[in-house]
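Q: I'd like a close look at one part of this model, with a walk through the charged pairs and their surroundings. Could you take me through it in one go?

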Amino acid sequence: MDPVVFLDRDNTLIANDGDLGDPARVVLLDGVPDGLRRLRDAGYRLVVVTNQGGVARGRYGEDDVDRVHREIAGLVDHAAGRRGLIDRFYYCPFHPEATVEAYRREHPWRKPQPGMLLQAARDLGLDLNGSWLIGDQPRDIEAGNAAGCRTIRLGSLVEPATFAVAPTASAAEFGEAVDLILASGKPARGRSEEMTEFSQLRRAIDDLAESTRPRGTGSARAIGAGLLMLAPLPFVAGLLFLDEPQSFLAWLLVTIVILLASIASLLLERR
């Protein structure tokens with residue numbers, strides 16, 4: 001199981017003094033791209049968890065949230081010189097006092113509830129006990145604590161006395177928070193997930209699929225995802241049932257062709 005650093009979005013990764021549904025207004029905070037790269041290099045997955053009450057207030061729609069998240073991911077990758085640094089974005093559009101009736105309710109994903117963190121752990125196979133959360137609000141710290149993570153309070157806008165649950169540590173800016181996490185030691189992985197050659201290959205395929213994962217839906221995406229799942233089958237069949245080297249090489253070639261076709265389909269859909 002992989003350790004993760006959960007990241008609040010507004011005033012943790014980007015500057016935001018109000019509802020933000022316009023990608024053109026996205027501005028990364030100082031030190032964010034380099035900090036995310038350092039965390040990923042250290043072995044942490046990176047997942048953004050954010051309340052988006054602006055959807056519930058009718059200020060913008062869920063499609064706008066997706067566009068903002070694509071912009072954040074693109075800016076981070078460009079600035080860090082890496083592709084796919086952020087694994088996933090999770091957001092909660094619900095609010096108990098919403099003006100849009102469809103979103104007017106409590107929801108387990110809304111921080112300080114830990115629903116988004118728990119869902120990410122199920123989706124990505126994360127080790128919450130070996131993980132961290134960075135956020136600037138008391139609700140962030142409460143959500144991280146409820147999920148079993150260590151937490152870092154970022155910035156000085158909120159007085160420590162207002163935190164119902166004390167954070168593990170505090171940092172003035174994002175780079176300092178990263179330093180604290182890295183100083184805590186190398187992240188541990190569960191014994192059942194030792195990085196054998198096969199698990200390394202599986203992790204590489206997972207990362208590739210996620211880095212090329214389109215945010216919308218479409219036939220090319222469906223074809224690419226299906227081919228990606230089918231790609232290992234000829235190789236496994238060749239290992240199990242074929243004795244002649246030439247026959248095995250033929251099956252291996254089929255595997256490579258299917259894998260390349262799946263990647264091409266995913267990239268086509270991303271365009």
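Which side chain does Arg40 meet in a salt bridge, and what is the N to O distance?

A: Keep in mind that this is a predicted model. In it, the side chain of Arg40 meets that of Asp87 in a salt bridge, at 3.3 Å from N to O. The pair links distant parts of the chain: Arg40 sits in helix α1, while Asp87 is in the loop between α3 (62-80) and β3, 47 residues apart. Both Arg40 and Asp87 are buried. They don't stand alone either, since salt bridges with shared partners join Asp2, Arg40, Arg45 and Asp87 into one network.

As for the background, side chains of opposite charge can pair when their charged atoms come close. Searching the whole structure turns up 13 salt bridges. Another of them is formed by Lys111 and Asp8, with the closest N and O atoms 2.9 Å apart. Lys111 lies in the loop between β3 (88-92) and α4 (115-124), and Asp8 lies in the loop between β1 (4-7) and α1 (32-41), so this pair ties together parts that are 103 residues apart in sequence. Lys111 has a relative accessibility of 3%, so it counts as buried. Asp8 counts as buried too, because its relative accessibility is 7% and the cut-off for buried is under 20%.

Right after Asp8 in the numbering come Arg9 and Asp10, whose side chains meet in a salt bridge of 2.8 Å, N to O. Both Arg9 and Asp10 are buried. From there you can step across to Gln52, which touches Arg9 and Asp10. Gln52 has its place in the loop between β2 (45-51) and α2 (53-56), and it is buried, with a relative accessible area of 1%. Its side chain is joined to that of Tyr60 by a polar contact of 2.6 Å. Leaving aside residues up to four places away in sequence, Gln52 also touches Leu20, Val65, Tyr91, Cys92 and Pro93, among others.

Now zoom out to the chain as a whole. There are 10 helices and six strands, and 43% of the 271 residues count as buried. Of the contacts with a separation of 6 or more, 64% are between residues 24 or more positions apart. The accessible surface comes to about 14000 Å², and carbon and sulfur atoms hold 55% of it.

Conventions
This is a predicted model: local features need pLDDT of at least 70, side-chain atom pairs count only at pLDDT 80 or more; totals for chains, interfaces and linings use all residues. Side-chain values use heavy atoms; hydrogens and water are left out. Helices (H or I, at least four residues) and strands (E, at least two) are DSSP runs, numbered from the N terminus. Buried means under 20% relative accessible area, exposed over 50%, partly exposed in between (1.4 Å probe, protein chains only). Contact means heavy atoms within 4.5 Å. Accessible areas come from the Shrake-Rupley method with a 1.4 Å probe; for residues, only the protein chains shown count as cover. A salt bridge is a side-chain nitrogen of Lys or Arg within 4 Å of a carboxyl oxygen of Asp or Glu. A polar contact is a pair of N or O atoms within 3.5 Å; within protein, one must be able to donate a hydrogen and the other to accept it, and residues adjacent in sequence count only if both atoms are side-chain atoms.
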